[in-house]
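Welcome! Have the sequence and the 3D view ready, and try each exercise yourself before reading its solution.

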Amino acid sequence: MRSPRRCSRNACPRQAVATLTYVYNESTAVVGPLAAFAEPHTYDLCEQHARSLTAPRGWDVVRHEGEFEPPPPTTDDLVALAEAVREAARPAPRPPTDDQHHENPHQTGRRGHLRVIPPNH
């Protein structure tokens with residue numbers, strides 16, 4: 001499953017809940033709810049960094065005044081979780097018995113999505 005987006009600030013391990021965008025021609029920094037997708041020239045911030053952000057002298061900060069909440073899981077996350085559950089629920093392949101192992105040592109086998117291919121003679 002995909003990991004949640006992290007804060008862009010150096011060494012900050014927290015989950016991002018806000019997006020910072022600069023509007024250069026208006027000398028404004030905008031901190032709003034987390035954007036649906038990570039975009040170039042924007043920065044994802046955790047709540048602490050979103051609330052404490054300051055701008056350079058002469059710049060304005062427009063800040064979202066509501067609560068910053070983590071984004072809900074996307075359909076990609078839900079599909080990945082469902083696939084992981086299905087994979088975990090599959091029965092494990094039975095190990096070959098001694099009789100089967102000695103009959104044909106170059107037998108093709110299958111394990112999950114991988115297949116053992118016998119060597120060429």
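Three exercises follow, each with a worked solution.

This is a predicted model, in which local features need pLDDT of at least 70 and side-chain atom pairs count only at pLDDT 80 or more, while totals for chains, interfaces and linings use all residues. Residues are numbered from 1 along each chain as its sequence is written, and side-chain values use heavy atoms, with hydrogens and water left out.

**Exercise 1.** Find how many salt bridges there are, and work out which parts of the chain the pair D44 and R5 ties together.

*Solution.*
- Step 1: Start with the rule: a salt bridge is a side-chain nitrogen of Lys or Arg within 4 Å of a carboxyl oxygen of Asp or Glu. Counting this way gives two salt bridges.
- Step 2: One of them joins the side chains of D44 and R5, at 2.8 Å from N to O. D44 belongs to strand β3 (residues 42-45) and R5 to the segment before β1 (18-23), so their pairing ties together parts 39 residues apart in sequence. Strands here are DSSP runs of E with at least two residues, helices are runs of H or I with at least four, and both are numbered from the N terminus.
- Step 3: Check accessibility, where buried means under 20% relative accessible area, exposed over 50% and partly exposed in between (1.4 Å probe, protein chains only). D44 is buried at 7%, whereas R5 is partly exposed at 22%.

**Exercise 2.** Describe where the salt bridge between E47 and R51 sits.

*Solution.*
- Step 1: The N to O distance between these two side chains, E47 and R51, is 3.4 Å.
- Step 2: Helix α1 (residues 47-52) holds both E47 and R51, which are four residues apart, or about one turn of the helix.
- Step 3: E47 has a relative accessible area of 32% and is partly exposed; R51, at 34%, is partly exposed too.

**Exercise 3.** Explain why C12 and C46 do not form a disulfide.

*Solution.*
- Step 1: In general, a disulfide is a covalent bond between the sulfur atoms of two cysteines. The cut-off used here is a pair of cysteine sulfur atoms within 2.5 Å.
- Step 2: For C12, the closest cysteine sulfur is that of C46, and because the gap is 3.8 Å, the two are too far apart for a bond.
- Step 3: The structure therefore has zero disulfides. Both cysteines are buried: C12 at 10% relative accessibility and C46 at 1%.
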